[in-house]
Amino acid sequence: MALNLAQKLIAAHLVEGDLESGTEIGMKVDQTLCQDATGTMVMLELEAMGLERIRTELSVQYVDHNLLQTDEKNSDDHLFLHSAAQRFGLWFSPAGNGVSHPVHQTHFGRPGATLIGSDSHTCAAGALGMLAIGVGGLEVAMAMAGQPLYVALPEVWGVELTGTLPDWGSAKDVVLEMLRRHGVSGGVGRIIEYHGEGLRHLTAMDRHVIANMGAELGATATVFPADDVVRDYLEAVGRGADFERWEADEGAGYDHTENIDLSSLEPLIARPSSPGNVVPVAEVQDEEVFQVVIGSSANPGLRDFAVVAEILAGRQAHQRVSVDVNPTSREVLADLITGGWLTQLVSAGARIHQSGCMGCIGMGQAPASGRNSLRTMPRNFPGRSGTEEDAVWLCSPETAAAAALTGRITDPRTLADSFGITFPRPQMPERFAVMDEMLLPPLPPEEAARVHLVKGPNISALPAFDPLGDRLSAPVVLVMGDDVSTDEIMPAGSRVLPYRSNIPKISEFTFTRLDPDYPANAAAVGAHVVVAGKNYGQGSSREHAVIAPRYLGLKAVIAQSFARIHWQNLANFGILALEFEDPADLENLSKGDTVVIEGIHEALRRGRSMAASIGGREVALRHRLSDRQVEMVLAGGRIPLAAQEA
């Protein structure tokens, strides 16, 4: 049987289940990555499991999120992560090296390998023909302990690309077009596989842009073939020997099909405050702009900075606009210097910030209240920027540069007439800057065994959670709508993220974007339930969005549907995730209603259906847990279950 690329990658790593089952499968994990916002919990989980040394091909701990050192918390956590990497046998990338995803692609990406990461944008590595999946931190910890990754077998969505991008179009417009067509849940339960003759015109870093924002579509993964373009990229970063060709078989089919004619694309932009709120730039022209931010894992390549530099070259940014530049790695920064592009940016008035996630995660560069900020980033959820009343738009580097010049949202195709600018085509170097010495390799086992974890006062132990009882009687303390993001469940930003290794403290911020009184109300009632609409938990993989409400007494979430990573995280930490059989039942629920479910253990083990009384009304519910996940939830989570089985 002819297999598509996604099926070939799964088959090469399949250890449980099969390609035809439509149920849960287990896959061998070759590589893992963590970043500092999620990695502290992963390292505490490894400690709780008593792991001596990782069992993956390689694992890397990056420090790229919490780079601002306004007090000791972030610095202390960086020391902890370094000591944990030494103790458990990981590579370590210190603060300032750059964003995990492009750095990993440069140094460790290997066609045909599986990669999971405690960051939802881990899927970016699909640009090199990898099967790369963002997951919760506990999934990464278990993989490092040698366990498979378990996922529901995804469908494969084949997207054929034809033609060539027009002038003033870029890879960002490709994925924005997908979001325009399908919204933030269009990829749920699917792997997106790009194929077709149009791929010849997309570089490996172009593909990274598209694969990265597969997370915004809700996809399990995005895959591109490892073809001549990937070979050329690996040679340009000094790793040509790591190339291996991975492509779909001739005649392979897909569960769903789509076509995008690249030549027909126009500049697109996502309006505040959702990546799925996409419109043509021409439709929103002349909106005033106060900030432009260039960088992030969604536009990390040298070309993405160089094209902005060449548009701004010899000109000044509009006096109203703050142009903020986040180089995505030390290596990109070095190439910007060598190519003269950094001088062009600085001369035009740009502000150069640290190499890292920075503004993307609300760690600096917060915009003025209610003032439009155009960003080459993957997400614009409300408040994610660090400003409560923000107005963040997502766009390509070309569109961002046009706004930097004019002070307004501007279709970049008009720059030829208004500024006499021809579409720039920056000449990329034959070899990119590569600084292998910036990454610290694992210690030998005998030396690693002597390392003690360095824990500052802000690092608390992982909370212990009780098993799920057979009867639940608890109030609904929060009723929410559709597309609730993990940024709304557990905010990011410089005020919150420094407490990422202190669950009691970070829990004080839980759901506060939706209900400032939630932490107090939850603490007052203890065991409780929250209710939501469709696609609950979209966005980040951060498991704090589960652990913190669990710490405050959350026992169950009832929703019309769930985002994949958050749904898995709920099971990992023993929170019951249930869906309405009739989505209309959500309309009849109110805050304060009491949820009563009897015989939970038997119902979970017997089938998919479960009856509940909510506010005195009978409501039919269902779950999608596998037998393995059922036992996890009943035990109180994956770590308690592992302890029972030890």
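This report walks through the cavities and pockets of a predicted model.

## Closed cavities

Let's start with the enclosed space. Searching the whole structure turns up five cavities of 30 Å³ or more. The largest cavity comes in at about 210 Å³. It has 21 lining residues, and H65, D119, H121, I361 and R384 are the ones closest to its centre. Sorted by class, that lining holds ten polar, seven nonpolar and four charged residues.

Next up is the second largest cavity, at about 170 Å³. Its wall is made by 18 residues, with A215, G218, G539, A563 and I565 nearest the centre. The class split here is nine polar, six nonpolar and three charged.

## The largest pocket

Now for the open space. The largest pocket holds about 1,000 Å³. There are 46 residues in its lining, and those nearest the centre are T203, M205, D206, R303 and M428.

Several helices chip in: α4 (100-107), α6 (171-182), α7 (204-212), α8 (228-236), α9 (302-312) and α10 (330-338) each give at least two lining residues. As for chemistry, you get 25 nonpolar, eleven polar and ten charged residues in the lining of the largest pocket.

## The second largest pocket

The second largest pocket offers about 590 Å³. Its lining counts 28 residues, with V151, A152, R564, W567 and R624 closest to the centre. Two of the contributors are β8 (149-152) and α19 (564-572), each with at least two residues in that lining. By class, the lining of the second largest pocket breaks down into twelve nonpolar, ten polar and six charged residues.

Methods. Residues numbered from 1 in each chain as written. Predicted model: local features only at pLDDT ≥ 70, side-chain atom pairs only at ≥ 80, totals over all residues. Heavy atoms only, no water. 1 Å grid on protein atoms, 1.4 Å probe; cavity = no way out; pocket = protein on both sides within 12 Å on 5 of 7 lines; lining within 4 Å. Points joined across faces, edges and corners; volume = space filled by probe spheres on them. Nonpolar A, V, L, I, M, F, W, Y, C, P; charged D, E, K, R; others polar. Helix = DSSP H or I, 4+ residues; strand = E, 2+ residues; numbered from the N terminus.
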